[in-house]
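Subject: Handing over the structure

Hi there,

Here is the structure I promised to pass on to you. Have a look at it first, and then read on for what turned up in it.

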Amino acid sequence: MQDLLLRASRIRLVIFDVDGVLTDGRLYFGNDGNETKAFHVRDGHGIRMLMNQGIETAVISGRQAVSVTRRMADLGVSHVQQGVHDKGQAFEELRARLDLPAEAVAFVGDDVIDLPVMTRVGFAVAVADADPFVARHAHWQTRTAGGRGAVREVAEFILAAQGRLDAERARHLS
């Protein structure tokens with residue numbers, strides 16, 4: 001556990017996959033062909049908690065969806081990359097742009113397409129219902145499933161490791 005806390009204490013950027021992490025992984029297509037997604041409000045608040053405490057957030061997704069663009073804009077996430085075929089390259093470009101060492105980055109994923117990033121970051125997280133092969137390559141696995149509050153669980157773990165969780169929660173006690 002000490003190793004996990006040390007890893008989480010160094011995090012200055014958290015990158016999230018979308019399908020299976022910020023959503024439950026199901027894809028919904030309307031009769032008009034448009035894709036929609038359902039996001040959990042607690043996950044959104046978890047992202048805001050990180051940002052409130054000065055931790056950068058980002059999304060790297062293999063799919064492209066207007067609903068992701070809108071949700072991330074609503075949350076204020078400015079680093080959003082969709083339709084990415086090589087997540088490892090996208091990670092390296094983002095890391096270089098933000099001038100961060102890999103040890104200062106966390107990635108939350110659920111499937112094999114996430115492994116090129118998960119194997120490079122300082123804190124790799126798999127959601128509870130991640131592919132078992134992917135979970136074996138994570139430093140930590142959430143108890144909560146993707147799209148059901150796993151992102152909030154990650155945010156609280158990182159903030160607790162950094163001694164910032166109580167301060168963030170206190171903001172809501174007035």
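Let me start with Asp-17, which sits in the loop between E1 and E2. Please keep in mind that this is a predicted model.

**Asp-17 and Asp-110**

Asp-17 has a relative accessibility of 5%, so it counts as buried. Its side chain makes a polar contact with the side chain of Lys-87, at 2.9 Å. Leaving aside neighbours within four places in sequence, Asp-17 is in contact with a good list of residues, including Leu-22, Ile-60, Ser-61, Phe-107 and Asp-114. Asp-110 is another of the contacts of Asp-17.

That last pairing is worth a second look, as the unreviewed UniProt entry has a "binding site" annotation that covers Asp-17 and Asp-110. The two are spread over 94 residues of sequence, yet they cluster in space, with a largest C-alpha distance of 7.8 Å.

Asp-110 itself is placed in the loop between strand E6 (105-109) and helix H5 (115-118). Is Asp-110 buried or exposed? With a relative accessible area of 14%, Asp-110 is buried, because the cut-off for that is under 20%. Beyond four places in sequence, Asp-110 touches Asp-17 and Asp-19, and also Gly-20, Val-21, Val-127, Ala-130, Asp-131 and Val-134.

**A second annotation**

Another "binding site" annotation in the unreviewed UniProt entry covers Asp-19, Arg-48, Arg-63, Arg-71 and Lys-87. These residues span 69 residues of sequence and are also spread in space, up to 23.5 Å between C-alpha atoms. Of these residues, Arg-71 is included in the lining of the largest cavity, which I come to below.

Here is what I can tell you about three of them:

- Asp-19 is found in the loop between strand E1 (13-16) and strand E2 (28-29). Asp-19 is buried, with a relative accessible area of 14%. The side chain of Asp-19 makes a polar contact of 2.5 Å with the side chain of Lys-37. Leaving aside neighbours within four places in sequence, the contacts of Asp-19 are Gly-25, Leu-27, Lys-37, Ser-61, Arg-63 and Asp-110.
- Lys-87 is in helix H4 (residues 87-98). Its relative accessible area is 2%, so Lys-87 is buried. Past four places in sequence, Lys-87 is in contact with Asp-17, Ile-60, Ser-61, Gly-62, Ile-113, Asp-114 and Val-117.
- Arg-71 lies in helix H3. Not counting neighbours within four places in sequence, Arg-71 is in contact with Phe-39, His-40, Val-41 and Gly-44.

**The cavity**

How many cavities of 30 Å³ or more does a search of the whole structure find? The search finds one. The volume of the largest cavity is about 40 Å³.

Which residues line the largest cavity? They are Leu-22, Phe-39, His-40, Asp-43, Gly-44, Ile-47, Arg-71, Met-72 and Leu-75. Helix H2 (41-52) and helix H3 (66-75) each supply at least two residues of this lining. Sorted by class, the lining has five nonpolar, two polar and two charged residues. To link this with the sections above, Leu-22 in the lining is a contact of Asp-17, while Phe-39, His-40 and Gly-44 are among the contacts of Arg-71.

**Further along the chain**

Two other residues caught my eye. Ala-161 is in helix H7 (residues 150-161). Leaving aside neighbours within four places in sequence, Ala-161 is in contact with Leu-5, Ala-8 and Ser-9. Ala-161 and Asp-24 are 137 residues apart in sequence, and their C-alpha atoms are 26 Å apart in space.

Gln-162 lies in the loop between H7 and helix H8 (165-170). At 16% relative accessibility, Gln-162 counts as buried. A polar atom of the Gln-162 side chain lies 2.8 Å from the backbone oxygen of Ile-11. Not counting residues up to four places away in sequence, Gln-162 touches Ala-8, Ser-9, Arg-10, Ile-11 and Ile-55. Ala-8 and Ser-9 are thus on the contact lists of both Ala-161 and Gln-162.

Enjoy exploring it!

Best wishes

Methods
Residues numbered from 1 in each chain as written. Predicted model: local features only at pLDDT ≥ 70, side-chain atom pairs only at ≥ 80, totals over all residues. Heavy atoms only, no water. 1 Å grid on protein atoms, 1.4 Å probe; cavity = no way out; pocket = protein on both sides within 12 Å on 5 of 7 lines; lining within 4 Å. Points joined across faces, edges and corners; volume = space filled by probe spheres on them. Helix = DSSP H or I, 4+ residues; strand = E, 2+ residues; numbered from the N terminus. Nonpolar A, V, L, I, M, F, W, Y, C, P; charged D, E, K, R; others polar. UniProt positions renumbered as here; feature names shortened; annotations may be inferred. Contact = heavy atoms within 4.5 Å. Buried < 20%, exposed > 50% of the residue type's maximum accessible area, 1.4 Å probe, protein only. Polar contact = N/O pair within 3.5 Å; in protein donor to acceptor, adjacent residues only side chain to side chain.
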